[in-house]
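Reader: I should be grateful for a close look at the salt bridges of this structure. Please then set them beside the other local features that have been computed.

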Amino acid sequence: MSFIKLAKTSLRSILRNKMRSLLTSLGIIIGVCSVIVMVAVGQGSQKQVADNIASMGTNLLMVMPPRGPDAANRITLADIEKIRDESSYIEAISGSVRMQETEVVGGSGNWETTVQGVQPDYSTIKRWAISEGEWITSADEASRAKAAVIGSTVAAKLFEGQDPVGKQLRIGATVFSVVGVLEPKGSSGMGDDQDDVVFVPLSTAMARLQKTKHLQSIEMSVTREDQMDAAQAEVTAVLRESHRLSPSDENDFDVMNQAEIIKTASASASTLTTLLAAIAGVSLIVGGIGIMNIMLVSVTERTREIGIRMAVGARSRDILLQFLSESILLSLFGGALGIAFAFIIVKALGSFAGIPAIIDPLIVALSAGFAAVVGIFFGYYPARKASRLYPIEALRFE
């Protein structure tokens, strides 16, 4: 039997029961569609995270306390001064303390937001621009001024329809005066609203809000991107000296550059994407089992037809190939519909939900190929069973 004739015969058999064939392929349709969509959303999110981090500049360094339950935070303002005085690569530097989900009261009500204590250079490092008023000044930092710069989301929640500059807001028991409003930045790659923030002078946050002498991070920008490695090594050496560490002591801080942050974020997103794709791939296996089940039913229903074919000269191999080709066609049909639905869903996610999604042609090809493999794997047993029927017994079957 030629390939074309085999395909026509198999297609005719499938189209005899259109609804059953469609339902049989449903598992493959869902599986292929799920894998492609999951990977597309994962890769889109991964790219958005990397782009958002990179948009802040690729010449950033960050000093963090060491990780672990027993790790002590020894990062202080003295470290900032030492880096500023001794580093030859740092363009701007700022310490930072952060208070998540802090209630801020002012204007038309109250709002839970992130309050962050920073120094004047922070706007240069993170590329924050002011839409109204001014940024935190060196005088504010030196005098522990009760000045606040708010994001556009906080401005909308607390001072809707008003000019926030000059108005007051309360953080804890401390009343601050709004000196500036930031230009909107939108959401981050992690889905966080970057405009839902209040910045206050670092000295004020440490003395009045957190009552601490330790920083949660030090962030700095390097003069040129090609100096990143040298700057990272220099900052490490300066901090080791500042913390009086001997050559045998391990660092009691972590120095990360922007590239490492992007790599870490991308690796996390990639791991999550792989996990989601693996979970979605299970439905392909379930779909394959469904195909095997229906093909076994088909063998039973068509036992007499198989006997007639063998009686007029069909070989066992011809019967095997016919049923196997039917199984493969069902899988490929499901795979094609799954791919089509995946493109529609990804388009809808981007257009209506604003969810970034990137379809990878390789994943589409692999999904289609895997669907064909599922058809072969799960279709072989029913096809083999059909090919081993005895013609006389098959003809007698009622």
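Author: What follows treats the salt bridges and then turns to a helix and a group of strands. The model is a predicted one, and the account below should be read in that light.

The count of salt bridges comes to six. One of them joins arginine 74 to aspartate 252, with 2.8 Å between the closest N and O atoms. This pair links distant parts of the chain, its members being 178 residues apart. Arginine 74 belongs to the loop between strand S1 (60-64) and helix H3 (77-86), whereas aspartate 252 belongs to the loop between helix H8 (228-242) and strand S10 (254-257). The two partners also fall into separate classes of accessibility. Aspartate 252 has a relative accessible area of 11% and is therefore buried, since buried means under 20%. Arginine 74, with a relative accessible area of 37%, is partly exposed.

A second salt bridge lies within a helix. The side chains of arginine 84 and glutamate 81 meet at 2.9 Å, N to O. Both residues are in helix H3, where three residues, or about one turn of the helix, separate them. Arginine 84 is partly exposed because its relative accessible area is 37%, and glutamate 81 is likewise partly exposed, at 38%.

Aspartate 226 and arginine 224 supply a further pair, their side chains meeting in a salt bridge of 3.1 Å, N to O. Aspartate 226 reaches 60% relative accessibility and so counts as exposed, the limit for that class being over 50%. Arginine 224, at 45%, counts as partly exposed. In addition, Lys82, Glu86 and Glu241 are linked in a network of salt bridges.

Helix H11 offers two residues for inspection. Serine 316 is found in this helix, which comprises residues 316-353. With a relative accessibility of 41%, serine 316 counts as partly exposed. Apart from its neighbours within four places in sequence, serine 316 is in contact with Met310 and Ser387. A polar atom of the serine 316 side chain lies 3.1 Å from the backbone oxygen of serine 387. Between serine 316 and isoleucine 306, which are ten residues apart in sequence, the C-alpha to C-alpha distance is 9.7 Å.

Phenylalanine 333 also has its place in helix H11, and its relative accessibility of 38% makes it partly exposed. Together with Met19, Leu22, Leu23, Leu26 and Ile30, Phe333 makes a nonpolar surface patch of about 550 Å². Helix H2 (residues 18-55) contributes the largest share of this patch, namely five residues.

The strands complete the picture. Strand S2 (residues 90-106) pairs with strand S3 (residues 109-118) in the antiparallel sense, over nine bridges. Within this pairing, glutamate 103 has glutamate 112 in S3 as its bridge partner. The hairpin of S2 and S3 has two residues between the strands, and glycine 107 adopts a positive phi near 60 degrees there. Strand S3 is also joined by five bridges to strand S8 (residues 197-201), and these two strands run parallel. In that arrangement threonine 114 stands opposite valine 197 of S8. Strand S3 thus takes part in an antiparallel pairing with S2 and in a parallel pairing with S8.

Methods. Residues are numbered from 1 along each chain as its sequence is written. This is a predicted model: local features need pLDDT of at least 70, side-chain atom pairs count only at pLDDT 80 or more; totals for chains, interfaces and linings use all residues. Side-chain values use heavy atoms; hydrogens and water are left out. Two strands pair if DSSP finds at least two bridges between them. Helices (H or I, at least four residues) and strands (E, at least two) are DSSP runs, numbered from the N terminus. Buried means under 20% relative accessible area, exposed over 50%, partly exposed in between (1.4 Å probe, protein chains only). Contact means heavy atoms within 4.5 Å. A polar contact is a pair of N or O atoms within 3.5 Å; within protein, one must be able to donate a hydrogen and the other to accept it, and residues adjacent in sequence count only if both atoms are side-chain atoms. Patches are made of residues with over 30% relative accessible area and no salt bridge: like charges are joined within 9 Å, nonpolar side chains (Val, Leu, Ile, Met, Phe, Trp, Tyr) within 5 Å. Accessible areas come from the Shrake-Rupley method with a 1.4 Å probe; for residues, only the protein chains shown count as cover. A salt bridge is a side-chain nitrogen of Lys or Arg within 4 Å of a carboxyl oxygen of Asp or Glu.
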